[in-house]
Amino acid sequence: MVELIKDKKEIIKIIDEKIKERKLNFTQYFRWRTSLRGISDEKVLEIFPQFDKVFAIEKKMLKYGDTGYELFYGLSNNITFSIALCPQENKLDLIHAIEYKRSLERRFRRIA
């Protein structure tokens, strides 16, 4: 099940409690997925800490029972960047990063 969170207070709470102050773990799967999309680690490291640009979070139960979060960053007109991750103790396992050059409203309506 996927939960879409768009409330700014809830977004800030999740970022503060589950994401901030944790070390990023660039998993092999993440590196493989981003290389297919032409996304560099540097770009992810540049965008990731810009939490003020996060306008939505998808929260979902992952394959092995962990909770995963996909952060959606509004970068500019019709460009959204998402970073999916899974908090693990004091680190964040990165799952994927995607740059969207289109509106995601249809996607969000399906979830809500």
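## Strand pairing around β5

Two strands are taken to pair if DSSP finds at least two bridges between them. In this predicted model, β4 and β5 meet that criterion with seven bridges, in the antiparallel sense. Within this pairing, G74 stands opposite T80 of β5. The hairpin formed by β4 and β5 has two residues between its strands, and N78 there takes a positive phi near 65°.

On the β6 side, β5 is again paired in the antiparallel sense, here over nine bridges. Two of the facing positions are P87, which stands opposite L92 of β6, and S82, which stands opposite I98 of β6. The hairpin of β5 and β6 likewise has two residues between the strands, and E89 adopts a positive phi near 45° in it. Strand β6 also pairs with β2 (residues 23-25), in the parallel sense and over three bridges. In that pairing, L24 has L92 of β6 as its bridge partner.

Both β5 and β6 are mostly covered. In β5, eight of the 10 residues are buried; in β6, the count is seven of 10.

## The environment of S82

S82 lies in strand β5. Is S82 buried or exposed? Its relative accessible area is 0%, and the cut-off for a buried residue is under 20%, so S82 is buried.

The side chain of S82 is joined to that of E70 by a polar contact of 2.8 Å. Beyond its neighbours within four places in sequence, S82 is in contact with E70, L71 and F72, and also with H96, A97, I98 and Y100. Of these contacts, I98 is the residue that stands opposite S82 in β6.

## Helix α1 and its buried face

Helix α1 covers residues 8-19. With 12 residues at 1.5 Å a residue, α1 should span 16 Å, and its end C-alpha atoms are 15 Å apart, which agrees.

The buried residues of α1 are I11, I14, I15 and I19. Viewed down the helix axis, the buried residues fall within an arc of 100°, so they line one face of α1. What do the buried residues of α1 pack against? Their partners are the strands β1 (2-5), β3, β4, β5 and β6.

## The turn after α1

K20 is found in the loop between α1 and β2. At 36% relative accessibility, K20 counts as partly exposed, because that value falls between the cut-offs of 20% and 50%. A polar contact of 3.4 Å joins the side chain of K20 to that of D16. When neighbours within four places in sequence are left aside, K20 is in contact with I15 and F51.

K20 and L85 are 65 residues apart along the chain, and their C-alpha atoms are separated by 12 Å. E21, just after α1, takes a positive phi of about 65°.

## The nonpolar cores

The largest nonpolar core has 24 residues, and the members that touch the most others are I19, F48, I57, L71, Y73, I83 and L85. Two or more residues come from each of α1, α3 (41-47), β3 (54-61), β4 (67-76), β5 (79-88) and β6 (91-100). Which element gives the largest share of this core? That element is α1, with four residues.

F48 illustrates the contacts in this core. Apart from residues up to four places away in sequence, F48 touches I19, L24, Y73, I83, L85 and L92. L24 and L92, both touched by F48, are themselves bridge partners, with L92 in β6.

A second core of six residues is separate from the largest one, and L4, A56, F72 and I98 are among its members. F72 and I98 are also in contact with S82.

Technical notes
Residues numbered from 1 in each chain as written. Predicted model: local features only at pLDDT ≥ 70, side-chain atom pairs only at ≥ 80, totals over all residues. Heavy atoms only, no water. Core = buried A, V, L, I, M, F, W, Y, C linked by side-chain atoms within 4.5 Å. Buried < 20%, exposed > 50% of the residue type's maximum accessible area, 1.4 Å probe, protein only. Contact = heavy atoms within 4.5 Å. Expected span 1.5 Å × (residues − 1). Arc of directions from axis to C-beta. Polar contact = N/O pair within 3.5 Å; in protein donor to acceptor, adjacent residues only side chain to side chain.
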